[in-house]
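Here are my notes on the model, set out as numbered points. Have the structure open while you read.

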Amino acid sequence: MQTGMHLDREHCVRAVRSKDARFDGWFFTAVLTTRIYCRPSCPVVPPKPENMTFYPSAAACQQAGFRACKRCRPDTSPGSPEWNARADLVARAMRLIADGVVDREGVPGLAARLGYSTRQVERQLLAELGAGPLALARAQRSQTARLLIETTALPMAEIAFAAGFASVRAFNDTVREVFALSPSELRARAPKSGAGTPGVVTLRLPFRAPLNPSNLFGHLAATAVPGVEEWRDGAYRRTLRLPYGHGIAALAPRPDHIACRLGLSDLRDLTVAISRCRRLLDLDADPVAVDGHLRTDPALAPLVDRAPGRRVPRTVDEAEFAVRAVLGQQVSTAAARTHAARLVTAHGKPLDDPEGGLTHLFPTPEALAAVDPETLAMPRTRRTTFTTLVRELADGVLHLGVEADWAEARARLLALPGFGPWTVDVIAMRALGDPDAFLPTDLGIRRAAKELGLPATPAALTARAESWRPWRSYAVQYLWATDTHPINFLPA
């Protein structure tokens with residue numbers, strides 16, 4: 001699986017004929033005779049090869065005049081793994097589009113965040129994805145609209161603006177064009193449900209199998225900051241700071257999807273909230289490719305075979321994670337949670353949780369930059385590290401968001417006092433989303449290496465890990481797992 005896979009016609013035809021779900025999101029099949037586009041795993045009888053053409057994105061299909069299949073719903077495919085595994089212009093642009101930047105700031109705002117001209121951004125997206133930023137954002141709006149139409153009882157006018165459309169007419173025209181149904185017809189076809197709670201949306205988050213929920217949810221539950229995160233009734237719950245307001249996400253693992261319940265103060269944040277939840281759980285990863293590569297090392301193969309599909313637990317707020325990484329330097333997980341909980345109580349924004357377990361949003365860098373350093377219960381050197389970090393984040397000198405250039409962010413972090421390779425790589429892995437971050441000095445990694453007969457010194461282990469590239473962040477998850485007893489979070 002690689003960039004430009006839609007150009008490999010023979011490979012694509014084989015994937016469609018075998019209905020291989022691993023390729024969902026990598027490319028889309030458009031049928032010339034029916035003018036419908038599908039995901040590779042569509043359950044209908046495959047069309048004749050001469051009637052198939054392939055596109056790299058749903059937006060490109062729509063732009064070429066194809067409408068979404070009503071059976072396989074290609075607009076709900078997992079995202080392409082490439083956008084979270086690359087740090088070039090196209091990948092960074094796709095992460096920003098998923099985060100709703102085009103809807104909020106337009107294409108000029110997208111280009112400004114990337115540091116390129118509007119023309120450069122449009123040219124590169126067209127070349128690789130067959131669609132420009134406006135078309136990609138439009139495809140995303142249509143998917144959000146469909147979700148709101150089918151899962152809420154909101155009036156269509158409210159849905160139109162919540163999904164990001166500038167007018168009800170644009171909403172109606174787009175829905176008809178993409179789905180070949182009017183908004184009211186889409187709602188009539190949806191499974192009947194109760195009226196629901198205003199501001200609450202329930203949906204399924206798809207992923208590529210396999211997925212190991214114990215690794216993913218176990219880590220999030222073990223490190224949860226009281227007031228901001230909790231594990232309750234089989235679901236990980238946490239507060240979200242969003243562009244138009246705030247929200248609470250509840251995420252529960254199921255055998256073939258993640259059950260997601262989002263309570264939002266402003267439904268315009270729905271697209272962003274979904275994108276951040278998917279990123280948190282690393283749901284767009286390609287575990288078959290990752291595990292297949294790591295299995296080539298005889299030391300890692302038994303770990304992968306024992307519990308395949310490990311993901312890298314990431315974050316919904318990159319600045320928050322960087323602050324928590326500093327709080328966790330040279331202390332236990334319990335102590336780090338205690339430090340973070342104190343900051344949350346003192347400086348986080350309170351919110352109401354209908355279920356009662358969550359109380360605050362994690363404090364912003366601006367709020368933390370205003371804290372008197374003398375009130376921080378930590379050693380003076382770490383206090384300096386903390387205050388320098390939050391000041392750089394608050395001033396906009398340091399960027400860790402989805403638009404961040406990974407190499408530049410690493411260099412800026414290393415230049416800060418108190419930031420060594422371990423802290424920088426933890427932030428790169430969990431916040432920046434670098435799939436190739438590695439922690440050779442980590443105590444748990446070194447213990448696992450010794451147990452597996454791998455080199456135990458950081459330099460020798462790093463040399464051995466060269467063959468694990470570009471998936472060393474995932475190798476870290478497998479090595480860490482040798483130090484723990486897995487917990488089954490799937491419902492019985």
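1. Start with strand β2 (residues 36-38) and β4, which pair in the parallel sense over two bridges. Within that pairing, Y37 has A68 in β4 as its bridge partner. On terms, two strands pair if DSSP finds at least two bridges between them. Helices (H or I, at least four residues) and strands (E, at least two) are DSSP runs, numbered from the N terminus.

2. A word on what you're looking at: this is a predicted model, where local features need pLDDT of at least 70, side-chain atom pairs count only at pLDDT 80 or more, and totals for chains, interfaces and linings use all residues. Residues are numbered from 1 along each chain as its sequence is written, and side-chain values use heavy atoms, with hydrogens and water left out.

3. The β2/β4 pair belongs to an open sheet of four strands, ordered β3-β1-β2-β4, with mixed pairing. At its edges are β3 and β4 (67-68), each pairing on one side only. Strand β1 (residues 28-31) runs antiparallel to β3, and four bridges join them. A30 has T53 in β3 as its bridge partner.

4. Take a closer look at β3 (residues 52-55). M52 and F54 make up its covered face, while T53 and Y55 are on the uncovered one. As a reminder, side chains in a regular strand alternate between the two faces of the sheet.

5. One backbone oddity sits in this region: R35 is in the loop between β1 and β2. Its phi is near 60°, a positive value in a residue other than glycine. R35 has 33% relative accessibility, so it counts as partly exposed (buried means under 20% relative accessible area, exposed over 50%, partly exposed in between, with a 1.4 Å probe and protein chains only).

6. How many cavities of 30 Å³ or more does the structure hold? There are two, and the second largest has about 70 Å³ of space. Its lining is V16, K19, T29, V31, C38, R39, P40, C42, V44, P46 and P47. By class that gives eight nonpolar, one polar and two charged residues. Ala, Val, Leu, Ile, Met, Phe, Trp, Tyr, Cys and Pro count as nonpolar, Asp, Glu, Lys and Arg as charged, and the others, Gly among them, as polar. A cavity here is a set of points, on a 1 Å grid over the protein atoms alone, where a 1.4 Å probe fits but cannot get out; lining residues have an atom within 4 Å of a point. The volume is the space filled by probe spheres set on the points, which are joined across faces, edges and corners.

7. Next, the other sheet: five strands, open, in the order β5-β9-β8-β7-β6, with antiparallel pairing. β5 (200-205) and β6 (229-232) stand at the edges with a single partner strand each, so one side of each lacks a neighbour in the sheet. Inside the sheet, seven bridges join β8 (residues 246-253) to β9 (residues 258-264), which run antiparallel. L251 has C260 in β9 as its bridge partner.

8. Between β5 and α11, check the loop that holds P210. A cis peptide bond joins A209 and P210, with omega about 0°. Helix α11 (residues 213-222) is mostly covered, with seven of its 10 residues buried, among them L216, F217 and L220. At the start of α11, a side-chain oxygen of N212 comes to within 3.2 Å of the backbone nitrogen of S214.

9. There's a second cis peptide bond to look at, joining R469 and P470, with omega about 5°. P470 lies in the loop between α22 (458-464) and α23 (472-481).

10. Finally, some buried acidic side chains. E320, in helix α15 (residues 318-327), is buried at 3% relative accessible area. Its side chain makes a polar contact with the side chain of R324 (2.8 Å); such a contact is a pair of N or O atoms within 3.5 Å, where within protein one must be able to donate a hydrogen and the other to accept it, and residues adjacent in sequence count only if both atoms are side-chain atoms. D282 is in the loop between α12 (270-280) and α13 (287-294); D282 is buried, at 2%, and has a positive phi near 55°. D436, in the loop between α20 (421-432) and α21 (443-452), is buried too, at 11%.

Conventions: On a 1 Å grid over the protein atoms alone, a cavity is a set of points where a 1.4 Å probe fits but cannot get out, and a pocket is an open set with protein on both sides within 12 Å along at least five of seven lines; lining residues have an atom within 4 Å of a point.
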